[in-house]
Amino acid sequence: MASDEMQRALEERGQAASLGCAMRQDSDTFRNATTKLQSVYRGHKSRLWYGEKSNTRHINATRLQAAFRGYKGRSQAQQLQTRHSSVLRVQAAFRGHRTRETVRVRVMERLQELRGARPRRRVHVSEILALALEQGGFGR
C-alpha cells in the first residue's frame, strides 16, 4: 500500500512539475497577459471615473443654467408687473380726468340752461353742483 501511495504522490508531483515547466515556458506570455489585463482594468476604471466626473459637470452646468433662467424669468415678470401697474396708473389718471371733464361740461351746460349765459368767473364745481341740485338736478 505504501508503494501505491508513493507512486501516486510521484505521479502528482510529476504533473505539477510538468505544469510548472509549462508555466515557466509561457511565463513571458503569462506576464504579457497579466499586464494587458491590468491595463484594460485601469483604463476601464479611468473611463468610469472620467464619465462620473463629466456627468457631474453636466449636472452642475444644468443646475446653473436652470437657476439663471429662473432668475431671468422672475426678473422679467417683475419688470412686466411694474410696467403693468404703471400703465394702470396712467389709465386711471386719464379716465379720472376724462370723467371730471365730462362732469364739468355737463355742469356748465346745465348752468347755461339755468342762467341763460355762461358765468363770467370760473365757478368751482361744488358750487355748480349745489346750485343744480337745488334746482332739480342734472338731466341726462
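The chain contains three helices and zero strands, and its elements follow the order α-α-α from the N terminus. The model is predicted, with a pLDDT that averages 79 over the chain. A score of at least 70 is reached by 76% of the residues. Confidence varies among the elements: the lowest mean pLDDT, 62, belongs to helix α1 (residues 2-25), whereas the highest, 87, belongs to helix α2 (residues 27-115).

Helix α2 comprises 89 residues. At 1.5 Å a residue, a helix of that many residues should span 132 Å. The C-alpha atoms at the two ends of α2 lie 130 Å apart, so the distance in the model agrees with the expected span.

Of the 140 residues in the chain, 8% are buried. The area exposed by the chain is about 12800 Å², and carbon and sulfur atoms account for 55% of that area. Within α2, the buried residues are G96, V107, M108, R110 and L111. The buried residues of this helix pack against α3, which covers residues 125-134.

Two salt bridges were counted in the model. One of them joins the side chains of E101 and R104, with an N to O distance of 3.2 Å. Both residues belong to helix α2, where E101 and R104 are three residues apart, about one turn of the helix. An α-helix has 3.6 residues a turn, so residues three or four places apart point the same way. As to exposure, E101 has a relative accessibility of 31% and therefore counts as partly exposed. R104 is also classed as partly exposed, because its relative accessibility is 25%; the partly exposed class lies between the limits of 20% and 50%.

A salt bridge also links the side chains of R110 and E113, again at 3.2 Å from N to O. R110 and E113 are likewise both in helix α2, with a separation of three residues, or about one turn of the helix. The two partners of this bridge fall into separate exposure classes. R110 is buried, because its relative accessible area is 19%, and a residue under 20% counts as buried. E113, by contrast, has a relative accessibility of 58% and so counts as exposed, the limit for that class being over 50%. R110 thus appears both among the buried residues of α2 and in a salt bridge with E113.

Conventions
Residues are numbered from 1 along each chain as its sequence is written. This is a predicted model: local features need pLDDT of at least 70, side-chain atom pairs count only at pLDDT 80 or more; totals for chains, interfaces and linings use all residues. Side-chain values use heavy atoms; hydrogens and water are left out. Helices (H or I, at least four residues) and strands (E, at least two) are DSSP runs, numbered from the N terminus. Buried means under 20% relative accessible area, exposed over 50%, partly exposed in between (1.4 Å probe, protein chains only). Accessible areas come from the Shrake-Rupley method with a 1.4 Å probe; for residues, only the protein chains shown count as cover. pLDDT is the predictor's confidence in each residue, from 0 to 100. The expected span of a helix is 1.5 Å times one less than its number of residues. Contact means heavy atoms within 4.5 Å. A salt bridge is a side-chain nitrogen of Lys or Arg within 4 Å of a carboxyl oxygen of Asp or Glu.
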